[in-house]
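Please examine the sequence and the structure below before reading on. The paragraphs after them lead through selected local features.

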Amino acid sequence: MNILSINNLNISFGGLRAVDDFNIVVKKGQLYGLIGPNGAGKTTVFNLLTGVYRPDEGIIYLEDRNITNMKTMDINKAGVGRTFQNIRLFKKLSVLDNVKVGLHNHFHYNVFEGIFRLPKYHRMEKIMDEEAYKLLKVFELDGEADYLAGNLPYGKQRKLEIARTLATRPKLLLLDEPAAGMNPNETKELMDTIRFVRDEFDVTILLIEHDMKLVAGICEALTVLNFGKILVSGETNAVLNDSRVITAYLGED
């Protein structure tokens, strides 16, 4: 079963074709990588997938649902979650409250109930606390639930961002350079975390990454972008050993 199907996606900024006839199919449960040199159009693809940009042409399907021109909030509710290259946490909120933000798609009380602390407010807050703690425990962050998010070390902030995204209960998780700024030990731990998240939460993962050790270690298939166009797609080892990919990254001899 395909979780994501993108057909003939295009977008231009002025005279620059940032994404040019992009096509991809990601199967349910797959760990799929989108790689390419800086400026290749990878993050633009993520912005198109999440409604930040609207394509000039093309169609995006999440399972059998057309999400092409939906708003970002509605795409998230449909089942697409995303992290960012530059970590975006509510740094003045607690670790626990950051995760609870992600749960608000699924647990509701109205303003009146919140202001007057009516029974539904307390009931929903208790449930959200329990759900948030479960997610934090998965990432070994439950002991820091009351810390300010901005006071966590970099690697733990990255884990918290993934935990918050998982709180939205995505079918498809988009990770934008999750290893950026990490040391080798943190990257190794992140690889284990990504595999665990895929298996434990039954979520499909599409990631952008420049760390080729991470890409080779966890991705089952890859698409390589260069100047907005697909250079090559296929099984990971074959793609990484393709002469066109080596040339795009390292240049001609």
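The text that follows treats aromatic contacts, a surface patch and backbone angles in turn.

The model is predicted. The aromatic rings provide a starting point, with a count of one aromatic pair. Phenylalanine 13 and tyrosine 53 form this pair in an edge-to-face arrangement, with 5.2 Å from centre to centre and 65° between the planes. The two partners come from distant parts of the chain, 40 residues apart: phenylalanine 13 belongs to strand 1 (residues 2-13), whereas tyrosine 53 lies in the loop between helix 1 (42-49) and strand 4 (57-62). Phenylalanine 13 counts as partly exposed because its relative accessibility is 37%. Tyrosine 53, with a relative accessible area of 29%, is also partly exposed.

Another ring has a charged neighbour. Arginine 88 lies over the face of phenylalanine 84, at 4.0 Å from the ring centre.

On the surface, Phe90, Leu93 and Val101 make a nonpolar patch of about 230 Å². Within this group, leucine 93 is located in the loop between strand 6 (80-82) and helix 3 (95-103). Its relative accessibility is 34%, so leucine 93 counts as partly exposed.

Which backbone angle sets aspartate 21 apart as a residue that is not a glycine? Aspartate 21 has a positive phi of about 55°, and its place is in strand 2 (residues 16-27). With 37% relative accessibility, aspartate 21 counts as partly exposed. Phenylalanine 227, likewise a residue other than glycine, has a positive phi near 55°. Phenylalanine 227 sits in the loop between strand 9 (221-226) and strand 10 (229-235). Its relative accessible area is 70%, and phenylalanine 227 is therefore exposed.

Definitions and conventions:
Residues are numbered from 1 along each chain as its sequence is written. This is a predicted model: local features need pLDDT of at least 70, side-chain atom pairs count only at pLDDT 80 or more; totals for chains, interfaces and linings use all residues. Side-chain values use heavy atoms; hydrogens and water are left out. Patches are made of residues with over 30% relative accessible area and no salt bridge: like charges are joined within 9 Å, nonpolar side chains (Val, Leu, Ile, Met, Phe, Trp, Tyr) within 5 Å. Accessible areas come from the Shrake-Rupley method with a 1.4 Å probe; for residues, only the protein chains shown count as cover. A salt bridge is a side-chain nitrogen of Lys or Arg within 4 Å of a carboxyl oxygen of Asp or Glu. Helices (H or I, at least four residues) and strands (E, at least two) are DSSP runs, numbered from the N terminus. Buried means under 20% relative accessible area, exposed over 50%, partly exposed in between (1.4 Å probe, protein chains only). Rings of Phe, Tyr and Trp (its six-membered ring) pair if their centres lie within 6.5 Å; planes under 30 degrees apart count as stacked, over 60 as edge-to-face and the rest as tilted. A charge sits over a ring if NZ of Lys or CZ of Arg is within 6 Å of the ring centre and within 35 degrees of the ring normal.
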